[in-house]
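Student: Please take me through this structure by way of questions and answers.

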Amino acid sequence: MNPLQKITGKRWFGLAETSRKTRIVAGGTAALALCAFGATAVAPIAPDASDMPVKSVAQDLQLPNLADQIAALQQDQQQFIHEERIRPGDSLGAVFNRLGIADQQAQAFVRNDKVARSILSLKTGKRIQAETDENGQLLSLHATIADKDEFKTITVTRKGDKFVSNAAPAKLERRVEMHSRNITSSLYAATDDTSDGGQIPDSIVNQIVEMFSTSIDFRGDLKRGDRFNVVYETYWLDGEMVRTGRILAGEFVNRGVAYQSVWYEDPISHQGGYYSLDGKALKKAFLKSPVAFNRISSGFSMRVHPVFGVWKKHEGVDFAAPLGTPIKASGDGVVDFVGTQNGYGNVVVLKHWSNYSTAYGHMSRFAGGLRRGQKVAQGDVIGYVGATGWATGPHLHYEFRIGGHATDPMALKNLQQQPLTPGEMNRFKMAAAEMSHRFSLLSPAGNAMAAR
């Protein structure tokens, strides 16, 4: 084939390919046009609504019997709920009038029932709520009263023609509060400051002093520029704070040195106490004295026995105190014995951790309900000073034993509380990490970061 034929062949091939594409496009266009025409031919033409026939339908409907409904509503007893606050000089009659109660029987019941009449002790500003019918008859009455450190909800309820009363523990709302203060003049002046949203209660201030008193002299060691952070519990009722709880964590920076303390109660052993952030117990294992307002009348030494007049070793310490003075457990432990033993008279023996035990003799009486095997915490009252057994006057005979052998308790120095077990330590670290985070938020640097 010569060159001219090759060129002619290529040109013919291009012309043939172009003609094929043209035919395909033209055929597709014709098919689409045919479909469009068909769709136009098939689609129906909608009729005009004005040309449609109209048919009227009439039917009788039965209306509800309104008279029966009104009669049923009149038979239902209407109930009304009223709430008031006690005002200065209020009488029971005045409070009942404001509550919409016109019920002499209810008023007489509240005055005479042993439980219900505690409502009469409600203080100014406290709430009282009543439910009455449309005639003013009392259906129920509710009020919460304070009984020392306990709060009870008193309920009076109508049962037919009579009333019944009930007292149940009030449900308090627990809140956790955090405050940070700087010392400018004194600790109490700092706690009275309300710049961060509230005054710190005196009960919390007292706990701060007790918590750090072994490290800080609050009477003369504070200086301007010291600061502290505190995290503590409060308990609320009806939007009002009714009491404080314990300090959960505290940090005091005194003369540039930071002291920190965290409350930890193990969920398994239920033993609680204050610890440093590294898990070391801050509380001493034993109190120096199990009684307050006392003097040592006889120490741990040889002496002439006051009853028998013979030279004999005195294996304890005698604390002279007035008859009936409360005796406290010097450390956490379990009651190993409670009863009478020869010269000890009425005596309590506590078994502590490791091989430590303590004995408390000559008691006039034991704390109510004290029994063998009962757990006690440091500071719990276990009995009262007396002169039972071989005693010439009211005092406490206190013994400290290690492995069953008497030891002079006054000679023991810095005996720490029982250390945490490995399992307790792991759980403590998680609790301490949370409180450490709170400290960081309360610190000046933490406040600056939070503001951003």
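Student: Which residues form one aromatic cluster with F212?

Tutor: This is a predicted model, in which local features need pLDDT of at least 70 and side-chain atom pairs count only at pLDDT 80 or more, while totals for chains, interfaces and linings use all residues. Residues are numbered from 1 along each chain as its sequence is written, and side-chain values use heavy atoms, with hydrogens and water left out. Rings of Phe, Tyr and Trp (its six-membered ring) pair if their centres lie within 6.5 Å; planes under 30 degrees apart are stacked, over 60 edge-to-face and the rest tilted. The cluster joins F212 to F218, F228 and F252.

Student: F212 belongs to the buried residues of helix 6; why are these residues on the same side of the helix?

Tutor: Helices (H or I, at least four residues) and strands (E, at least two) are DSSP runs numbered from the N terminus, and buried means under 20% relative accessible area, exposed over 50%, partly exposed in between (1.4 Å probe, protein chains only). The buried residues of helix 6 are I204, V205, Q207, I208, M211 and F212. They share one side of helix 6 because the arc they cover around the axis, taken from the directions from the axis to the C-beta atoms, is only 160 degrees.

Student: Against which elements do the buried residues of helix 6 pack?

Tutor: Contact means heavy atoms within 4.5 Å. The buried residues of helix 6 pack against helix 5 (187-192) and against four strands, namely strand 7, strand 8, strand 9 and strand 10.

Student: What is the order of the strands in the open sheet that has strand 6 and strand 10 at its edges?

Tutor: Two strands pair if DSSP finds at least two bridges between them. Strand 6 (173-182) and strand 10 (272-275) each have a single partner strand, so one side of each is left without a neighbour in the sheet. The pairing in this open sheet of five strands is antiparallel, and the order is 6-7-8-9-10.

Student: By how many degrees are neighbouring strands of this sheet turned against each other on average?

Tutor: Axes are lines fitted to C-alpha atoms, for helices over the stretch in contact, and angles run from 0 to 180 degrees between N-to-C directions. For neighbouring strands of this sheet, with direction ignored, the average turn is 25 degrees.

Student: Which residue of strand 7 stands opposite R175, and over which ring does the charged end of R175 sit?

Tutor: Strand 6 and strand 7 (residues 227-237) pair in the antiparallel sense over ten bridges, and R175 stands opposite T234 in strand 7. A charge sits over a ring if NZ of Lys or CZ of Arg is within 6 Å of the ring centre and within 35 degrees of the ring normal. The charged end of R175 lies 3.9 Å from the centre of the ring of W236.

Student: At what angle does helix 7 run to strand 9?

Tutor: Helix 7 (residues 422-442) lies across strand 6, strand 7, strand 8, strand 9 and strand 10. Its angle to strand 9 is about 130 degrees.

Student: How many aromatic pairs does the structure hold, and what kind of pair do W263 and Y274 form?

Tutor: The structure holds 14 aromatic pairs. The ring centres of W263 and Y274 are 5.1 Å apart, with 65 degrees between the planes. W263 in strand 9 and Y274 in strand 10 are eleven residues apart, and both are buried. The pair is edge-to-face.

Student: How many residues apart in sequence are the parts tied together by F286 and Y356?

Tutor: F286 and Y356 form an edge-to-face pair at 5.9 Å centre to centre, with 75 degrees between the planes. F286 is buried at a relative accessible area of 13%, and Y356 counts as buried at 14%. F286 lies in the loop between strand 10 and strand 11 (295-298) and Y356 in strand 18, so the parts tied together are apart in sequence by 70 residues.

Student: Is H362 buried or exposed?

Tutor: H362 is found in strand 18 and has a positive phi of about 70 degrees although it is not a glycine. Its relative accessible area is 5%, so H362 is buried.

Student: Is S354 buried or exposed?

Tutor: S354 also is not a glycine, yet has a positive phi of about 55 degrees. Its place is in the loop between strand 17 (345-351) and strand 18 (356-366). With a relative accessible area of 53%, S354 is exposed.
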